[in-house]
Amino acid sequence: MPIEIKELHIKINVSENSSSGAKPPAASSAAEKDNVAECVEQVMKIIERKKER
């Protein structure tokens, strides 16, 4: 019998260091772009695997 999850609670704590000199969101580095590209690639692979089923 499959298990169905009807409700999911996610709790996170975010702390921002004001002394670190936060960069504006528009100024993203090459490493951040690489991370985003890797995430997108993994999501696309998961979607393709689901389509095969």
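## Exercises on a predicted chain

Glu41 is partly exposed, with a relative accessible area of 41%. The structure used in these exercises is a predicted model.

**Exercise 1.** Determine the class of exposure to which Glu41 belongs, and explain why.

*Solution.* Step 1: the relative accessible area of Glu41 is 41%. Step 2: buried means under 20%, and exposed means over 50%. Step 3: the value of Glu41 lies in between, so Glu41 counts as partly exposed.

**Exercise 2.** Identify the salt-bridge partner of Glu41 and describe where the two residues lie.

*Solution.* Step 1: the side chain of Glu41 meets that of Lys45 in a salt bridge, with an N to O distance of 3.6 Å. Step 2: this distance satisfies the cut-off, because a salt bridge requires the side-chain nitrogen to be within 4 Å of the carboxyl oxygen. Step 3: both residues belong to helix 1, where they are four residues apart, about one turn of the helix. Step 4: Lys45, with a relative accessible area of 46%, is partly exposed.

**Exercise 3.** State how many salt bridges are counted, and analyse the one formed by Glu48.

*Solution.* Step 1: the count is two salt bridges. Step 2: Glu48 pairs with Lys51, and their closest N and O atoms are 4.0 Å apart. Step 3: Glu48 and Lys51 also both lie in helix 1, three residues apart, which is about one turn of the helix. Step 4: Glu48 is partly exposed at 41% relative accessibility, whereas Lys51 is exposed at 62%.

**Exercise 4.** Locate Ile5 in the chain and name the surface feature to which Ile5 contributes.

*Solution.* Step 1: Ile5 is placed in the segment before helix 1, which spans 30-52. Step 2: the relative accessible area of Ile5 is 66%, so Ile5 is exposed. Step 3: Ile5 helps to make a nonpolar surface patch of about 820 Å², together with Ile3, Leu8, Ile10, Ile12 and Val14.

**Exercise 5.** Describe the chain as a whole by its helices and strands, its buried residues and its accessible surface.

*Solution.* Step 1: the chain contains one helix and zero strands. Step 2: of its 53 residues, 0% are buried. Step 3: its accessible surface comes to about 5900 Å², and carbon and sulfur atoms account for 56% of that area.

Note on methods. Residues numbered from 1 in each chain as written. Predicted model: local features only at pLDDT ≥ 70, side-chain atom pairs only at ≥ 80, totals over all residues. Heavy atoms only, no water. Patch = residues over 30% accessible without salt bridge, like charges linked within 9 Å, V, L, I, M, F, W, Y side chains within 5 Å. Areas by Shrake-Rupley, 256 points an atom, 1.4 Å probe, with all protein chains shown as cover. Buried < 20%, exposed > 50% of the residue type's maximum accessible area, 1.4 Å probe, protein only.
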